[in-house]
2 protein chains.
Amino acid sequence: MSASPAGSEIERLIGLLAKLPGLGPRSARRAALALVKKREQLLLPLSDALAQAGDKIKPCSNCGNIDVNDPCHICSAPGRDNTVICVVQEVGDLWAMERAAAFRGRYHVLGGCLSALDGIRPEDLNIANLIDRAGATEVSEVILAMNATVDGQTTAHYITDHLQSSNVKISRLAHGVPVGGELDYLDDGTISAAMHSRRPF
Amino acid sequence: MSASPAGSEIERLIGLLAKLPGLGPRSARRAALALVKKREQLLLPLSDALAQAGDKIKPCSNCGNIDVNDPCHICSAPGRDNTVICVVQEVGDLWAMERAAAFRGRYHVLGGCLSALDGIRPEDLNIANLIDRAGATEVSEVILAMNATVDGQTTAHYITDHLQSSNVKISRLAHGVPVGGELDYLDDGTISAAMHSRRPF
C-alpha cells in the first residue's frame, strides 16, 4: 500500500522534500501535507521563491559565495579590507562569519573539504582560484577557517602546502573553550588545545 | 547584519522554508543552501513538483482527502465498504490508517479539531458534510478516530451529539497499551484505560 494515497504528484513532492537536510521521510510527509493544506500562503509562494532563486542566485566567480550579482556583494563592497582572505568550506560558514561580524576582509568559499571517504579531491574544490587570488600583490594574509574536523584540517594543510610559494601569512582560527561552554562537557582535545594556547589574564 | 547575505531572493526562500513543520530558522537556512547548491537535482525539480502539486492536488469534495481527482480515489474505489465512515482529523491520519491497512470503508477528514485556544469552531471544520453523509441510508456506522487529546475528544463528543438524530452506530478507537509498549513507560490514563477495557485471553 502506498504511503501517500494522493497520486504520484504528492509522492514526488515528498521524495524531493525528504532530500532536504533535516527532513526525513516522515517529516517530509508532514511538510508536504502542510504545503497542500496552505496552498495560497505557502505552497505557491514557495514554488515561486524556488523558481526565482534558481533563476537569479548564482555563485560568485571570484570567491564562490552565492548572490544575485557576480561578483557578489562582499567581493564588490568598497569598504572591506583587500589584504586579508578568509577561507571557509561552505557558504553557510561565510554567513555564520558575517553574523559574528568579526571579519571585514574578503572571503573565499571552497565548496566543501577534501574527503577520501566521499571521494572529494582538490580539483573538486575551489582551490586553484584561491591560489591565484592569494598570489595578488595586495593580499598579505590568508585565514583558514575550515571546520575543526579531520577533513577540514586535512584541507587546511593541503592549502597551506600550496600557498608556500606565494608570500602570504597563513593563519587559522584559534581552538579553545567556546564562549558559554562548561569544561565538564568539553572533549579532551578542546581542553588541551585551550590549555596549550592559554593567554595572560 | 543580515543573516544571509545573498539578497532578498534567498531571504524569502528561507522565510518560507522556516514555515514548514519540523524546520526552524536554522534548518531552513541549511535547506536553502542545499537547494541552491543542488540547483539541477533538487531546487528546480522541487519548484516544479510544488507547482504541479498546487495545480493538480485538491481536496475531495466528498470526504476532504486530497487527491488529483475529485472524488478522491478512496471515495471512488469500488471495492470498499460504503456502510462505515471513519472520521479522522487530518489527511496525514488517513494516510496512517491506510498504512496500517486495518480499515476498508470510507473516510471523512475534518481538517483539524475543535480548539478554544486556537479559535477553531465547528463551522471551520468539515462537520456539516459529515452529518449529511452519515444520514445516507447505506451508512450504518461512524468510527471516530480523532487523536486521544483533549481537543480530539471534545471534537468526538461534539460530533456524537450531532449524529444522535441519524440512526447510525457511533464507535471510537480502543485505548490501551501500544503494541511493543512497556507498562513502566506508560502514563496512568493509558494504563487505567487498558485495565478498564481488558479482554478475555
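Two strands are taken to pair if DSSP finds at least two bridges between them. Helices (H or I, at least four residues) and strands (E, at least two) are themselves DSSP runs, numbered from the N terminus. The structure described here is a predicted model, in which local features need pLDDT of at least 70 and side-chain atom pairs count only at pLDDT 80 or more, while totals for chains, interfaces and linings use all residues. Residues are numbered from 1 along each chain as its sequence is written, chains are lettered from A and ligands numbered from 1 in the order in which they are written, and side-chain values use heavy atoms, with hydrogens and water left out.

A good place to start is the sheet of chain A. It is an open sheet of four strands in the order β4-β3-β5-β6 (chain A), and the pairing is parallel. At its edges stand β4 (105-109) and β6 (169-172) of chain A, each with a single partner strand, so one side of each has no neighbour in the sheet. From one strand to the next, the twist averages 25°; axes here are lines fitted to C-alpha atoms, for helices over the stretch in contact, and angles run from 0 to 180 degrees between N-to-C directions. Within the sheet, strand β5 (residues 141-144) of chain A pairs with β6(A) in the parallel sense over four bridges. L144(A) has R172(A) in β6(A) as its bridge partner.

Two helices of chain A can be placed against these strands, with contact meaning heavy atoms within 4.5 Å. Helix α4 (residues 91-100) of chain A lies across β3 (81-88) and β4 of chain A, and runs at about 155° to β4(A). Helix α5 (residues 127-134) of chain A lies across β3, β4 and β5 of chain A, also running at about 155° to β4(A).

Chain B has a sheet to follow as well. Its four strands form an open sheet in the order β4-β3-β5-β6 (chain B), with parallel pairing. The edge strands, β4 (106-109) and β6 (169-172) of chain B, each pair on one side only. Further in, β3(B) and strand β5 (residues 141-144) of chain B pair in the parallel sense over four bridges, and I85(B) stands opposite V142(B) in β5(B). Helix α5 (residues 127-134) of chain B lies across β3, β4 and β5 of chain B, at about 155° to β4(B).

The two chains also meet each other: 56 residues of chain B are in contact with 57 residues of chain A. Together they bury about 5200 Å², 70% of it on carbon and sulfur atoms; buried area is the accessible area (1.4 Å probe) that two parts lose on being put together, summed over both.

Charged side chains join across this interface too. With a salt bridge defined as a side-chain nitrogen of Lys or Arg within 4 Å of a carboxyl oxygen of Asp or Glu, six are found between chain B and chain A. One salt bridge links the side chains of D48(B) and R12(A) (2.9 Å, N to O). On the side of chain B that touches chain A, two or more residues come from each of α1 (8-17), α2 (25-37), α3 (39-56), β2 (66-67) and α4 (91-100) of chain B. The most come from α3(B), with 17 residues.

Another salt bridge joins the side chains of K37(A) and E90(B) (3.0 Å, N to O). This pair crosses between chains, from K37(A) in helix α2 (residues 25-37) of chain A to E90(B) in the loop between β3 (84-88) and α4 of chain B.
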